[in-house]
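Hi,

Here is the structure I promised to pass on. Have a look at it first, and then read on for what turned up.

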Amino acid sequence: MRIAGVEMMREIDRIAVEEIGIPASVLMENAAIACVRNLDLTKGYFVVVCGRGNNGGDGFAIARHLYCMDKEVDVFYISEGSDYKAETRTNFRILKRLGVPMTPLSGETMWSFREALKDADVVVDSLLGTGVARPVRDFLRQVIQEININSRFVLSVDVPSGMNADTGESMGQVVDADITVTFQCMKRGFLNYEAMPHLGKIAVEKIGIPGPVEAKAEKGEYLTDHSLACSLIPIRDKTGFKGNYGKVLVVAGSQGFTGAALICTEAAISTGSGLVTLCSREEVFQSLVLRLKEAMSLHPDKLEDGVSRADVVVFGPGLGNFDVTFDMLLLVIKSMQENGGRSKTLLIDADGLNVLKDRTEILTHLDFNVILTPHVGEMSRLCGLSAEEIQKSRIDTARSFALEHKCIVVLKGFNTVVTDGSVVYVNPTGSSAMAQGGMGDALAGMIGSLCGQGLEPLEAAVLGTYLHGYIGDELAGERYVVKASEIIDAIPGSMKRLQDSRK
Ligand SMILES: NC(=O)C1=CN([C@@H]2O[C@H](COP(=O)(O)OP(=O)(O)OC[C@H]3O[C@@H](n4cnc5c(N)ncnc54)[C@H](O)[C@@H]3O)[C@@H](O)[C@H]2O)[C@@H](O)CC1
Ligand SMILES: [K+]
C-alpha cells in the first residue's frame, strides 16, 4: 500500500479527474460510501459536522446515505459558502432539497450542537481533510473542542480535522477520532507517533482511483502489505539441501550478554538457514559452545576464516561497546571485501552499530551489501540527531542516512522503517508487547537468515521485520508480553501458514 502526503494526494486526484476523466463527484461518492461501510449501522442517530472544503462535501454525501437508510441524521455545517467546490455544493443542495435537518454553526447554534453531539451514537467529522492550510483558531477550534468533549464515538473522514496529513502535527486543535477512514493511500503524517493518539483505528479505503494512477504520482514509500510479505517467503525446493539455504555467521556475545548471541543464532536457524555458526568473544566462547544444538561454533581466532566461508555475517548483538568490537568489525569488513564482495551481506546490529559512532564513513565504499538495524538510540549515535528529532521524521532520517551511506537501514520501533534510500517500506506489524530485551537480536537473526536464503537484502529486511511483528501480534493476542524465545519457536509455523495462505 502506498504512503502519500498532501501533494501526492492532490496529484493522484488531478490525474484521476483531469487525465483519466473520472468525475470528481464519483470519487466523492465512493469516499462517502467507504465511510458508511465503516459506520456501525445498528446505531440510530448520527451527527455529521461539515466544513467548507471537499472534506465537508464527503460529509454531506455521507449524511445523504444515512438518510436513505432511514437513520436519524443531523448535519451541522460551518457556513453556506459561495466558495464550495462543485461536488460539495451539489451534495449540500441535495440535502437541503431532501429536507435533512441542517444547522449552520454559530455562537447561537452552539448549544444545540453540543446537545446533538451528546445524544449522537456516532459523530462524523468532516470539517477539514488534507486541505488544512493554516492554524486552526477561534471558532473552528471551539467546534473541534466541543466534538472532543461531547462525542461518544467519532469517525473522522480522511484525516482527523486539524491534523496536518503530511507531518501528523496538530494545527492548533485536532479531533480525537475513534476511527479514521482515510482515502486511497496511508497518509504520511499518520506514521508519526505524535499523530497516533488522535487517529483511533485507521481504515485505508480505495475510492475508485486505479493503482496505475497512484503509481504515476508515487514517491516510493509503502506500507508493507500482508500479501507482499507472504509472497516474499522463499519456496524450498524439494531436493534442496542445507548448502542451498545459506551459511550465516553470527558474531555476537560477550560477558553478561550471552543471551543475545543465542537468540540471534536460534532465530537464524528457525527462519530456515542451512548452516548457522556462532562466533563469540573468547571469555564466553566455551560456555556458549555447550548451549548450541543445531548451530556450529567458531573460535574468535578463526573469525577471518569463518567470514570467508559465510554468505551472510550478522555482527554485533551483545558484543559490547568496546574497541575490540570495532577491531573485530574492521576484520570482518576486510575479509568480506577480499572474499566474495557483491554476493555477501553484512548485517550490523546493536554494539556493532554503537562502535560505528563517528566512524560511519567506513560504510560508504564497501563492495558488499550492508544492512543496519538501529533502534532510535543507536540511530541517534549514528547520525548525530537527537532521539526526538529522529522520532519526528523517522522516514526522512532513515532514508537520507541509507542514501548517504549506501546501505539498508532498518529503523526499529513502532512502524519500523526499512529503506535503501531509494524506496521505503514502513512495517505495520508489532506492538509494545514485544518491547523486551532480545527482540532486536531475534530480528537480526531472522533478516540475516532470509538474506542467506537468497532474498535481496531489502526484501529480507522487509519480510524479516514483517514476520517478526506479525508473530509478535499473533502471540500478543493471548499474552501481556511476548518473549524473544517465544517468537523464535513460532517462526517456522507462521512462515508455513503465511506461505500456504498465498496459494
Ligand atoms: N482524491 C481525493 O483527493 C479526494 C478527496 N476528497 C476529500 O477532499 C478533501 C480535500 O478537500 P479540500 O482540498 O477541499 O480541503 P479540505 O476540505 O480539507 O479543507 C479546505 C477548506 O478548509 C479551509 N481551511 C483550511 N484550513 C483552515 C483552517 N485552519 N481554519 C479554517 N478553515 C480552514 C479552506 O479555506 C477550505 O475552504 C480530502 O481530505 C477528502 O476528504 C474526496 O472528496 C474524494 C476525492
Ligand atoms: K476530517
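Before the strands come up, one convention: two strands are called paired if DSSP finds at least two bridges between them. Please also keep in mind that this is a predicted model.

With that convention, strand β2 (residues 45-50) pairs with strand β3 (residues 72-77) in the parallel sense, over 6 bridges. If you want a spot to zoom in on, V49 stands opposite F76 in β3. Both strands belong to an open sheet of 7 strands, whose order is β4-β3-β2-β5-β6-β7-β9 and whose pairing is parallel. At the edges stand β4 (102-104) and β9 (201-205); each has a single partner strand, so one side of each has no neighbour in the sheet. Neighbouring strands here are turned by 20° against each other on average, direction ignored. Helix α2 (residues 24-37) packs on this sheet, where it touches β6 (154-157), β7 (179-183) and β9. The direction of α2 makes about 155° with that of β7.

The other sheet to look at is an open one of 10 strands, this time with mixed pairing. Its order runs β10-β19-β18-β17-β16-β15-β14-β11-β12-β13. The edge strands are β10 (221-223) and β13 (296-298), each of which pairs on one side only. From one strand to the next, the twist averages 20°. Inside this sheet, β14 (residues 312-315) and β15 (residues 345-348) run parallel and are joined by 4 bridges. There, V313 stands opposite L346 in β15.

Now to ligand 1. Which residues come nearest to ligand 1? Of the 29 residues around the ligand, these are G53, N54, N55, G129 and G131. The helices α1 (6-19), α2 and α3 (54-68) each supply at least two residues of the shell. So α2, the helix that packs on the sheet of 7 strands, also contributes to the surroundings of ligand 1. Helix α3 gives the most, with 5 residues. By type, the shell divides into 15 nonpolar, 9 polar and 5 charged residues.

Two backbone angles may catch your eye. Most residues other than glycine have a negative phi. D138, however, has a positive phi of about 45° although it is not a glycine, and Q184 likewise has a positive phi, near 75°. Where do they sit, and are they buried or exposed? D138 is in helix α6 (residues 138-150); it has 9 other C-beta atoms within 10 Å, and 12 or fewer counts as exposed, so D138 is exposed. Q184 lies in the loop between β7 and β8 (186-187). With 27 C-beta neighbours inside 10 Å, where 20 or more is the cut-off, Q184 counts as buried.

Finally, a helix pair. The axes of α19 (residues 457-476) and α20 (residues 484-501) come within 10 Å and cross at roughly 105°. Angles of 65 to 115 degrees count as roughly perpendicular, and α19 and α20 are therefore roughly perpendicular to each other. On the α19 side the contact is made by L467, H468, Y470, I471, G472, E474 and L475. From α20 come E486, I487, A490, I491, S494 and M495. The residues of this contact divide into 8 nonpolar, 3 polar and 2 charged.

Enjoy exploring, and best wishes!

Notes. Residues are numbered from 1 along each chain as its sequence is written. Chains are lettered from A and ligands numbered from 1 in the order in which they are written. This is a predicted model: local features need pLDDT of at least 70, side-chain atom pairs count only at pLDDT 80 or more; totals for chains, interfaces and linings use all residues. Axes are lines fitted to C-alpha atoms, for helices over the stretch in contact, and angles run from 0 to 180 degrees between N-to-C directions. Two residues are in contact if their C-beta atoms, placed from the backbone, lie within 7 Å. A residue is near a molecule or strand if its C-beta atom, placed from the backbone, lies within 6 Å of it. Ala, Val, Leu, Ile, Met, Phe, Trp, Tyr, Cys and Pro count as nonpolar, Asp, Glu, Lys and Arg as charged, and the others, Gly among them, as polar. Angles under 35 degrees count as roughly parallel, over 145 as roughly antiparallel, 65 to 115 as roughly perpendicular and the rest as oblique.
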